[in-house]
Amino acid sequence: MNTITNNSMPTAPGLASANNALLELYKEQYELEDYQKGVPRWCSGCGDNAILTAVQRLCRDEALAPEKTVFVSGIGCSSRFPHYMNTYGVHSLHGRALPIAEGIRLARPDLKVFVNMGDGDCFSIGAAHWVHAVRYNMNMLAMVHDNNIYGLTKKQASPTSPKGLKTNTTPRGAYLDALNPLTVTLGIANVSFVAQVVDWIPKLLYQTLSEAYHHPGFSFVRIIQRCPEWLPTHLDEYLRDPERVLLLTHDNGLTLDTDLTKRYTKIEEHDPSDIHRAREVASGSDPIPVGILYRNENVPRYEETRSDTRLRTSALIRKGLEAEFDKFTIWPKGHQPQHA
Amino acid sequence: MAIEELTKVKSKNKNGRVEQASSPAVEQTRGAGVSPAVAQTSPSAPPLKPKAKVTRLKEHIVEIISDSGEGAQKCGQSFGAIVARMGLGVWTVEIIPAEIRPPARSVAGASGNRIRFGSTGVTNGGNETDLVVAFNEQVLLGRVRANELKPGCTILIESMWREDRRVAESYSTAIDELKAAGYKVYEIPMEVECHKHMPDAKKGKNMFALGLLIGLYSLDLKVGREQVALTFGKKGAKVIESNVALLEAGYAYAQENLDFRYEIPAAKSTEAQIVVNGNTALALGVLASGMEICAMYPITPATSASHYLSDVFEVVGGVVHQAEDEIAACTFAIGASYAGKCTVTITSGPGFSLKQEAIGLAVMGEIPLVVVNVQRGGPSTGQPTKTEQADLMSAIYGSHGDAPKVVLAPATIEDCFYSVIMARKIAETFNMVVVILSDANLANSQAPFTRPVFDEAWLAPPIDQSAVPTGAKPYDWDSKTGLARRFIPGQPGGQHTLTGLAHDEDSHVAYDAEINQRAIRARSLKLAALQKTLKPPTVFGDQTGDLLVIGWGSTKGAIEEAVTELREQGKKVSSMHLTFLQPMAPGIKEILAGFRKVIAIENNWSDLPSDEIIDESNRRYTMLATLLRSRYLVDVDCFSECRGTPLKPATVRRVIMEALS
Ligand SMILES: Cc1ncc(C[n+]2csc(CCOP(=O)(O)OP(=O)(O)O)c2C)c(N)n1
Ligand code: SF4
Ligand SMILES: [Mg+2]
């Protein structure tokens with residue numbers, strides 16, 4: 001990034017001095033340390049660490065001004081994420097990260113908004129918000145850290161726990177088939193970006209998040225995440241056997257490095273503009289499809305549909321208000337002003 | 001009110017119709033003539049029926065009721081606007097059936113409007129109706145059974161049912177019974193008359209009825225025509241024309257066929273006034289507060305505020321966001337507020353309950369937020385269209401843990417407007433959640449108030465995007481006031497993660513005992529800091545006496561009316577109405593000390609001391625009484641009703657008399 005533009009500054013008057021202050025802080029480059037904060041308290045080997053590293057790299061590479069970047073999360077292990085980013089952040093309520101992020105986005109289109117959620121967070125308690133966030137299609141990058149389990153609350157079944165998985169609430173095995181977040185998301189009106197990736201292939205993780213970041217709209221990325229604490233062997237076979245990962249590639253999707261294609265030989269040429277094929281790919285869970293399933297940049301974004309570029313000056317507000325008052329006013333005889 | 005005595009003195013005239021004779025409320029009874037209230041009788045108006053008897057009144061209560069969809073509400077609202085335009089004080093109350101389309105001609109289906117109007121300002125819906133226009137006898141019976149009509153009042157009823165074989169019997173039985181009970185019934189062939197002017201006569205009845213009322217109350221037909229033009233303005237000249245014709249037909253019918261008229265002299269007003277209901281006033285307040293975003297989910301009786309706001313907000317660059325549920329509405333608002341634009345979320349009871357967890361997050365993160373709760377009957381789905389004041393405790397104490405927030409209650413329609421401006425200001429000054437408790441009574445009532453004069457200071461300041469001073473922390477709680485400067489995204493150097501977890505000054509998650517203690521103290525102190533800026537409430541009446549009545553919210557008009565009346569009769573009673581419920585203003589204890597007895601009157605439940613198993617050890621007091629008793633250690637008594645209807649001055653008067661005896 002070469003300049004900090006202020007064409008998307010909030011539409012309030014008298015901000016010239018604030019803008020100048022921003023320009024003083026102009027930086028041509030950021031280092032990784034500019035985005036790092038504290039020491040993550042996740043278990044060692046937890047997939048969340050890999051996601052954090054990828055996101056910090058992405059921020060650095062995109063030279064995002066930390067003060068103009070907001071990470072919003074719910075509650076869960078994964079939702080600690082914003083605390084480890086030296087940006088603005090909201091560590092909110094279980095399930096409610098999306099509507100908070102939407103409010104931020106509508107109020108401040110000049111801010112970059114990221115969302116980190118757990119699988120329970122997004123697909124269970126926050127499921128209504130997930131469906132509607134897809135429909136609003138507001139420009140933000142939403143990551144679901146899907147470890148198929150409730151991590152923070154100590155190993156209860158999540159909507160994505162496979163049938164039969166033994167957890168503290170399903171000691172004899174999970175009773176229900178797992179929910180497929182990809183097919184659900186791809187079935188929602190206004191869906192504009194759907195990707196899936198795994199935490200253990202850093203290069204793909206980075207590439208996918210980068211594509212998602214650049215997508216103008218609601219980018220939904222499901223990240224299959226390891227939870228060695230509660231499910232130490234759950235994903236072992238997928239890690240061990242490259243045949244159980246299906247790489248999606250396309251000129252309009254991810255382009256794969258040779259070191260990747262050498263190891264992962266199950267590869268599908270998938271055009272992300274093909275929603276029908278995307279839905280078919282999405283319904284397969286073994287091998288795990290990894291890459292961009294769907295991308296459509298032409299879906300309208302709610303914040304643009306709704307927002308107003310006019311300066312909200314006091315004169316504008318006054319004019320609107322007086323016009324409304326006029327509608328309801330009863331003037332005493334002889335006092336009615338000419339304009340009314 | 002003196003007006004109540006009006007029908008007590010009755011006499012039968014030659015036609016067998018009951019007429020009102022002179023009473024203390026009736027200043028003057030005269031024969032036909034040009035009344036002072038009628039500024040100008042329109043040239044096209046037919047001459048008054050010579051026999052018509054003109055009664056001068058201080059005020060009257062009129063009701064117009066129909067099946068829903070027959071336009072009685074439009075008629076009532078227009079009538080309210082006309083009397084207001086003529087300079088009379090007015091308060092209109094919507095009569096709303098619980099269902100959107102209750103079955104036709106059903107006792108529970110009355111839809112319409114009550115209009116109380118008088119020479120001086122009218123502050124509430126009053127007691128019982130003096131004159132009712134009904135489109136069928138069933139909705140009328142509903143109102144009779146609800147004890148809303150004054151015994152023996154005047155009834156104007158559509159008479160077409162006599163010709164309808166299916167219902168003729170029930171109609172004539174009802175009319176006979178009403179007559180026998182002393183009601184003065186005038187049967188009017190509304191549909192037949194309307195048919196002369198409009199092929200679909202059913203549709204125009206409401207404007208015919210409006211014309212009748214204009215005639216009966218000696219109002220200016222010209223103002224009536226203007227109002228019809230305003231009411232149907234969007235629908236074009238043709239529609240206006242045919243409705244004016246119906247209006248004039250109703251007016252002419254009254255002149256030619258009815259033998260009584262009323263006159264209510266208007267006090268000359270020199271101030272421009274605006275006439276809106278409480279919800280529109282709230283929405284106008286949102287506009288005037290400079291807020292830009294309202295996030296909501298539809299719920300009765302709050303929705304009309306958002307309907308109106310949706311229509312006008314965009315004109316000034318605002319957005320009404322209809323979220324997927326109330327939790328989303330509240331968290332969306334929190335997100336926008338956090339990002340620097342203080343936001344409002346509007347709801348009613350059930351939605352308010354859903355927002356409570358999110359409200360706690362705003363309290364914890366110290367994010368300014370305005371939450372409007374237009375209270376309805378509860379618990380659960382309760383009585384969606386009815387009024388109640390039972391969310392006071394959940395507003396103050398709701399959300400788990402210690403979650404101090406500001407709670408204030410508008411008492412008038414004018415207050416609804418200003419309370420939003422004030423709430424936004426407090427929210428942003430103290431970084432707090434401010435809950436505005438309105439209710440269905442205010443939401444569905446219309447009354448004029450002085451047209452506000454725009455003030456720049458109403459508006460929200462621009463978002464601070466200046467760099468944060470080095471070393472400053474996101475929660476630098478002032479040790480005296482608990483206040484901390486808020487960091488807004490975009491401010492360089494202010495990066496931090498706001499969290500709903502316990503946190504220290506740096507917003508770092510902290511489970512440390514000391515830190516938690518310090519943080520809770522700071523959030524609590526802010527209420528005290530606000531309280532220090534409040535003025536003691538004013539006492540209505542003398543500062544000392546036998547009885548002080550305390551209320552909050554929409555009951556103010558009824559309480560003060562009863563107090564005024566009893567004071568005129570020499571009773572040593574005063575009243576006090578609280579705007580701030582949390583924190584409570586200073587000086588209240590001193591005020592309470594000036595009275596021998598104190599009673600809170602509210603629209604929420606309190607156990608009846610007369611119930612067999614209720615005694616001092618188990619009686620539940622009204623919500624405000626409970627708060628006052630615990631804070632001021634004063635033996636505050638209480639009276640309450642949960643009838644879903646607005647408190648009546650007559651009820652207050654009765655309660656005061658009992659308390660005094
Ligand atoms: C309203 C509410 N209900 C329940 C909880 C308890 N809770 C916290 S996190 C969580 C689930 C965490 O699982 P997930 O979202 O998958 O995140 P993870 O910890 O696995 O990253 C639950 C049930 C809560 N904080 N709030
Ligand atoms: S419990 Fe699981 S998800 Fe949570 S930090 Fe540990 S490994 Fe990660
Ligand atoms: Mg999880």
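Here are some notes on this predicted model, taken interface first, then ligands, then sheet and backbone details.

1. **How much the chains share.** The two chains have a lot to go through, so I'd start here. On the chain B side, 76 residues are in contact, and they meet 64 residues of chain A. Between them the two chains bury about 5800 Å², and 63% of that area sits on carbon and sulfur atoms.

2. **Polar pairs across the interface.** How many salt bridges does the rule find between chain B and chain A? The count is 4. One to click on is B:Glu314 with A:Arg306, where the closest N and O atoms are 3.4 Å apart. If you look at polar contacts instead, there are 33 residue pairs between chain B and chain A, with both partners at pLDDT 80 or more.

3. **Who supplies the chain B side.** The elements of chain B that give two or more residues to the side touching chain A include helix 1 (72–85), helix 8 (278–288), helix 9 (303–312) and helix 11 (349–365), along with strand 12 (273–277) and strand 14 (319–322). Helix 10 (326–338) is on that list too, and helix 10 of chain B provides the largest share, 7 residues. By class, this side of chain B splits into 44 nonpolar, 22 polar and 10 charged residues.

4. **A strand pairing between chains.** Strand 20 (497–499) of chain B is another of the elements on the side that touches chain A. Strand 20 pairs with strand 2 (residues 88–91) of chain A through 3 bridges, and the two run parallel. To find the spot, go to A:Val90: its bridge partner in strand 20 of chain B is B:Leu498. As background, strands of a sheet pair through backbone hydrogen bonds, either parallel or antiparallel.

5. **Ligand 1.** Which residues are closest to ligand 1? They are A:Cys77, A:Ser78, A:Asp119, A:Asp121 and A:Gly151, out of 17 that surround the ligand. The surrounding residues come from chains A and B, so the site is shared between chains. Keep both chains loaded when you look at it. Backbone atoms of chain A also come up here: a polar backbone atom of A:Gly151 is 2.9 Å from an oxygen atom of ligand 1. A:Leu152 has a backbone N or O atom 2.9 Å from an oxygen atom of the ligand, and for A:Ile149 the distance from a polar backbone atom to a ligand oxygen is 3.1 Å.

6. **Ligand 2.** A:Cys77, listed among the closest residues to ligand 1, turns up again around ligand 2. The other residues around ligand 2 are A:Trp42, A:Cys43, A:Cys46, A:Asn147, A:Gln225, A:Cys227, A:Pro228, A:Glu229 and A:Trp230. That shell has 7 nonpolar, 2 polar and 1 charged residues.

7. **A sheet in chain B.** Five strands of chain B form an open sheet with mixed pairing, in the order 21-23-22-25-26. Its edges are strand 21 (539–540) and strand 26 (637–640), each of which pairs on one side only. Inside the sheet, strand 22 (residues 545–552) and strand 23 (residues 573–578) run parallel and are joined by 6 bridges. For a landmark, B:Leu548 stands opposite B:Ser574 in strand 23.

8. **Backbone oddities.** Most residues other than glycine have a negative phi, and most peptide bonds are trans. Against that background, which peptide bond in chain A is cis? The bond from A:Asp286 to A:Pro287 is, with omega near 5 degrees, and A:Pro287 sits in the loop between helix 10 (275–282) and strand 11 (288–295) of chain A. In chain B, the bond from B:Gly378 to B:Pro379 is cis, with omega near 0 degrees; B:Pro379 belongs to the loop between strand 16 (369–375) and helix 12 (392–397). As for phi, A:Asn137 has a positive value near 50 degrees, in the loop between helix 5 (127–136) and strand 4 (140–146) of chain A.

Definitions and conventions:
Residues numbered from 1 in each chain as written. Chains lettered and ligands numbered in written order. Predicted model: local features only at pLDDT ≥ 70, side-chain atom pairs only at ≥ 80, totals over all residues. Heavy atoms only, no water. Contact = heavy atoms within 4.5 Å. Buried area = accessible area lost by both parts, 1.4 Å probe. Salt bridge = Lys/Arg side-chain N within 4 Å of Asp/Glu carboxyl O. Polar contact = N/O pair within 3.5 Å; in protein donor to acceptor, adjacent residues only side chain to side chain. Helix = DSSP H or I, 4+ residues; strand = E, 2+ residues; numbered from the N terminus. Nonpolar A, V, L, I, M, F, W, Y, C, P; charged D, E, K, R; others polar. Pairing = 2+ DSSP bridges. Near = heavy atom within 4 Å.
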